[in-house]
Amino acid sequence: MLGVKIFLRDRLTSFRLILIGFALLIFAGACLLSLPAADAAHQGTPFLNALFTSASAVCVTGLVVYDTAVHWSLFGKAVILLLIQIGGLGVITVVVFMIVLSGKQIGIRQRSIMQDAISAPQIGGIIRFTRFFILGTLLLETIGTLCLAPVFIPMLGTAKGLGYALFHSVSAFCNAGFDLMGIRGPFSSLSSFENNHWVLSVIMVLIIAGGIGFLTWRDLLDNHFRWARLRLQTKVILSTTAALLLSAFLFFYAIEFRAVPGANRIWYSMFAAVTPRTAGFNTFDYGAISESGMLVTILLMLTGGAPGSTAGGMKVTTLFAVCLGGLDDLRSKEDVNCFGRRLDHDVIRKAFAVVFIYTGLLLTGSAALSILESLPVIRAMFECASALGTVGLTTGITPDLCTVSKLILIFFMYFGRVGGLTIVYAAASVTKRQIRKYPMEKIVVG
């Protein structure tokens, strides 16, 4: 028995536990959603579609094969909301927090797993930070619910209005993109609120707040929002996020929505810049935008949010490291410097590895979907990027995809949520390191 425990301890690394935790939650959610009680017609949902919905909720993506408001019963919607909340916080985070609440001691191994799960910089203070993470999430979601309630209650009544406000607040903060606005039109998302600037503002603030992550919020609060005292990672996250939002807004305002009249042009452009931050809400039909608009949105979706946040994607820190490392390499600089600090070369190497993995998967998946569904490559790429970045934006093709295409997107959503390096490290830990090294020889590149 002791040997089995030692074997499992050595084999079940923190990265593998993260993978297993998310996989088990997805499967459990699929089982619940396939029950007759979960759909409005009480006839049961095919397991593949239940699995797709569960994966989308746990991976806080928002891609759906059914209109959430119409197909699912109250029980089904509650299951989806719970999956979004646990998926947004992280399975390991929730489990550790429940152990803390029970009064049990958390060992060094559990703390190490928790550190990997939330991308914390150090193991010290990890339980205290976990409390801050979860309680902060609940606080911001509650504030979001109270801000949305005055809109939904007059529309739907007190109980249902509060439920809708809570659902959309959690979905927005967790960057999930699930909505219940199918009552106003099939798969309409927030298009019926395109002129309700209050709702759009609340949703955008929640998306950004969840997307920059609680590591960033902790640093901002600890240092009283003083820029000079912030950690390098916080400065990178905030500056890169601001640059992406501004550049995306200017593109959509100047090119994509130049024909939209009045203030709607500004709000369309702002929402189009914010929602690809792995949120998935939309106020317009993405199937009708230009190919250049699709390409910009694909790049935004792949980038995603910050490490340790509710957002998916490659992460803004990865994009920053790749861009800065590439530019400094072109200028033949030995060190990569920013904000008065020097970046570790290992960080640059990992960033390029992440970009390589995501790009390879995106191209492979896009080619597969294009062939299987007879779609233009750009539309197939949009759907794959949405799944990989755990965004949930779609051009409207998801409900009609074949079984193989749905399985590809399920894997992409799972991959995008747990992180590419998590899967790589989980797989690499079983391999033996090679001690010997071959002779070095250079080749010409470029």
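Start with the whole protein chain: 53% of its 446 residues count as buried, meaning under 20% relative accessible area, with exposed over 50% and partly exposed in between (1.4 Å probe, protein chains only). This is a predicted model, in which local features need pLDDT of at least 70 and side-chain atom pairs count only at pLDDT 80 or more, while totals for chains, interfaces and linings use all residues. Residues are numbered from 1 along each chain as its sequence is written, and side-chain values use heavy atoms, with hydrogens and water left out.

Switch to a cartoon view next. The chain holds 19 helices and two strands; these are DSSP runs (H or I of at least four residues for helices, E of at least two for strands), numbered from the N terminus. Now try a surface view: the chain exposes about 20800 Å², and carbon and sulfur atoms supply 66% of that area (Shrake-Rupley method, 1.4 Å probe). For the contacts, take pairs of residues at least 6 apart in sequence: 68% of these contacts join residues at least 24 apart, where contact means heavy atoms within 4.5 Å.

**Stop one: the cavities**

How many cavities of 30 Å³ or more does a search of the whole structure find? There are two. A cavity here is a set of points on a 1 Å grid over the protein atoms alone where a 1.4 Å probe fits but cannot get out, and its lining residues have an atom within 4 Å of a point. Grid points are joined across faces, edges and corners, and the volume is the space filled by probe spheres set on the points.

Select I207, I208, G211, I212, T241 and R277 to see the lining of the largest cavity, which encloses about 40 Å³. Colour helix α10 (residues 197-212) as well, since with four residues this helix gives the most to that lining. By class, the lining has three nonpolar residues, two polar and one charged. The classes are simple: Ala, Val, Leu, Ile, Met, Phe, Trp, Tyr, Cys and Pro are nonpolar, Asp, Glu, Lys and Arg are charged, and the others, Gly among them, are polar.

For the second largest cavity, with a volume of about 30 Å³, select F133, F173, A209, G210, G213, F214, G308, S309 and T310. This lining has four nonpolar and five polar residues, and no charged ones.

**Stop two: the salt bridges**

The structure has three salt bridges, each a side-chain nitrogen of Lys or Arg within 4 Å of a carboxyl oxygen of Asp or Glu. Show R218 and D222 as sticks: their side chains meet in a salt bridge at 3.0 Å, N to O. The two residues are four apart in helix α11 (residues 214-222), so about one helical turn separates them. R218 is partly exposed at 29% relative accessibility, and D222 is also partly exposed, at 45%.

Move on to helix α16 (residues 345-373), where D346 and R349 lie three residues apart, about one turn of the helix. Their side chains form a salt bridge at 2.3 Å, N to O. Is R349 buried or exposed? R349 is exposed, with a relative accessible area of 54%, whereas D346 is partly exposed at 28%.

Keep D346 selected and add K350: these two also form a salt bridge, with their closest N and O atoms 3.5 Å apart. K350 and D346 are four residues apart in helix α16, so they too are separated by about one helical turn. K350 is partly exposed, at 30% relative accessibility. With D346, R349 and K350 all on screen, you have a network of linked salt bridges in view.

Note on methods
On a 1 Å grid over the protein atoms alone, a cavity is a set of points where a 1.4 Å probe fits but cannot get out, and a pocket is an open set with protein on both sides within 12 Å along at least five of seven lines; lining residues have an atom within 4 Å of a point.
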